[in-house]
Amino acid sequence: IANYRSIFEEQVFSMVASKDTKHPDNLIAVDGFHLLKAAGIYGSNAAGKSNLIKAVQFMDQLIAISATRMNEGDRIQGAVPFKLSVDTRTRPCLVEVTFIEDGNAYKYGFSATQERVHSEWLRCYSIDGIDQVWFDRRFDEKTQQTDWKFGGPLSHDQQLLKDRTRDNSLVLSTGPRENVKPLIKVFQWFRQKLAIFDLSNAPNALKHRTAGLCLEDGSFKLRVARMLKDADFQIDGFSIANEDLKMPELADMDIAEKPMTSALRNLIKTIQKTFEMNIQSLQVHTAHHTIGLDEIVTFDMEEESNGTQRLFALAAPFLHTLDTGGVMMVDELDCSLHPNLTRKLIELFQSPLVNRLGAQLIFTTHDSTLLDQKLFRRDQIYLVEKMRNRGSEYFSLYDFDNKDRPRNTESLQRNYLSGKYGAIPQFGPVFEDFQLT
C-alpha cells in the first residue's frame, strides 16, 4: 500500500512466515515456504492500524462495483491520498495484493485518484513456475492516453476489455461482467474468499446475514448455537422468524389539521403509504432456562449483550472462512468480547483440526493480553507507528535487528506496554504532569 490515508511511503504487510521455528501448528504449508494462519496488528490510536484493512476494503469494493454500479464520470470515492504532504495530495493511491488460489499465485493491484484509474495489473505465477502478465494498463499524464498490454489467457479478449473498461473502472470488474472466464476466478476470490469487517460499528447487516444462513441451513444453525453456548453466554438456543417491522409514529400521524407546506404533506403521505406495505425482517430470539423451573424464556437478540450480538454476527463469516480456506480481516476484533473469548477465536483459526483448508485471520486490536508467546510467533505480531514523515509504518516483532529482536522467553505484553517496541502513545504534559487536587 502507498499514498493511502495515513500511509505515505509504500508499506508491505506479509503473511509469509519467517524462519522462526516456534508454533509449527500456526503455519500453512505451501510448496517451498509457509504462510501464517493469523496475525494481530497493534499500535496507538491514530497510528494507522485500521487503514491497512480500509485499503484492502477499498480494493475489494472497487472491484465489486466499478463496472456495474458506477457510471462514466463518477468519482472514485474511496481513493483518499496521504494529505500531510503537498506532493501526495494529487497522486494516485496504490494497493496491491498477492494471493494463492488453486495452486497459482496472483499478483493484482491498481493505482487510482478520485478522477480515474491510473494503472492496473495482474500477473499469474503458475505451479509450473511460468510467470505471465495477464494485463497491464498505464495512463500517461502527458499524452492523456492509456497504454495497454495483454498476455496469457487474455490475449484474445484484449479489444473487448479495452473498449468496455471505463477510465473510472477496473478491468477486474469489467471482465467478469463481460464473461471473460480467466478473470472470473480471480474476481470470485475477492467476492467469496475475502471477508472484511469493522466490529466497532453496530453489526446489524452481519446479524441479518447469520440469521439468514441459519434459517436456510439447519446444520449451520446448530454450529452457531454451539458457538454461543460454548462461549459461556448461557444461551440454550435461538429461533429465527420473519416478523413485521415496527412502524414509527409517523405512520399513524393525522396530518389533516397540521400546519405544513403541500410538499411536506405529500412527502408524509408517501411515507405513510410505504409503511402500509407488509415489510418483514428476520428477527432472532434467544432461549434461556428459567431458574428452578423447566421453562424457557425468550429474549430479542437486541436485549442480549453487545458481546453476544457481535459473536452471533461474526459467526457466519467466521465459519464460512474456515470452511472455504478464505481470508478474514477484522478491525477491532476484541470489541465487546472478553479477552479469553477473543483468544479462543484465534486458537480456532490456528488449530490444525479446525482449520484444515488454510484459512487466515488478520485483525487489529488493543488487547495486550494476546501478546503471548504461548499463542503467537513473533512474526504474527505486527506493530504500527507514525514515522517522522507522519506516515504509518508496519513491522513485525521478527523484523527487528537480531540484537533488538524480542527473545523467545521475554514477556511481550509487559515490554510492549513499557514502550520497548514502540507503537504506543507518547503523552504530553497535560497527561504526564496532571495532578489531582
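**Whole chain.** Start with everything shown as cartoon. The protein chain holds eleven helices and 16 strands. This is a predicted model. Align the view to the principal axes: the C-alpha atoms fill a box of roughly 65 × 60 × 55 Å. Now switch on the surface. Its accessible area is about 23,700 Å², and carbon and sulfur atoms account for 50% of that. Of the 437 residues, 47% count as buried. Draw contacts next, keeping pairs at least 6 apart in sequence. Among these, 62% join residues at least 24 apart.

**The largest nonpolar core.** Select Ile346, Leu361 and Leu383. Within the largest nonpolar core, which has 55 residues, these three touch the most other members. Helix H8, residues 306-324, gives the most to this core: nine residues. Apart from this core lies another one, of 54 residues. To find that second core, select Ala17, Leu52, Cys93 and Ile196, which are among its members.

**Leucine 383.** Go back to Leu383 and show its neighbours. Leaving out residues up to four places away in sequence, which residues does leucine 383 touch? The contacts are Tyr42, Glu393, Tyr394, Phe395, Leu397, Tyr416, Tyr421 and Ala423.

**Helix H8.** Select 306-324, the range of H8. Is H8 mostly covered or mostly open? Mostly covered: 15 of its 19 residues are buried. Check the length with a distance between the end C-alpha atoms. They lie 28 Å apart. At 1.5 Å a residue, the 19 residues should span 27 Å, so the two values agree. Now step along the axis to alanine 315. A kink of about 40° lies there, shortly before proline 317. Continue past the end of the helix. Glycine 325 follows H8, and its phi is positive, near 70°.

**Serine 44.** Where does serine 44 lie? Look in the loop between strand S3 (38-43) and helix H1 (49-65). Is serine 44 buried or exposed? Its relative accessible area is 15%. Buried means under 20%, so serine 44 counts as buried. Show its surroundings, again skipping residues up to four places away in sequence. Serine 44 touches Lys49, His366, Val384, Ala423, Ile424 and Pro425.

**Last stop.** Select Ala423 together with serine 44 and leucine 383. Ala423 is one of the residues that serine 44 touches, and Ala423 is also among the contacts of leucine 383.

Methods:
Residues are numbered from 1 along each chain as its sequence is written. This is a predicted model: local features need pLDDT of at least 70, side-chain atom pairs count only at pLDDT 80 or more; totals for chains, interfaces and linings use all residues. Side-chain values use heavy atoms; hydrogens and water are left out. A nonpolar core is a set of buried Ala, Val, Leu, Ile, Met, Phe, Trp, Tyr and Cys residues joined through side-chain atoms within 4.5 Å. Buried means under 20% relative accessible area, exposed over 50%, partly exposed in between (1.4 Å probe, protein chains only). Helices (H or I, at least four residues) and strands (E, at least two) are DSSP runs, numbered from the N terminus. Contact means heavy atoms within 4.5 Å. The expected span of a helix is 1.5 Å times one less than its number of residues. The bend at a residue is the angle between axes fitted to the seven residues ending there and the seven starting there. Accessible areas come from the Shrake-Rupley method with a 1.4 Å probe; for residues, only the protein chains shown count as cover.
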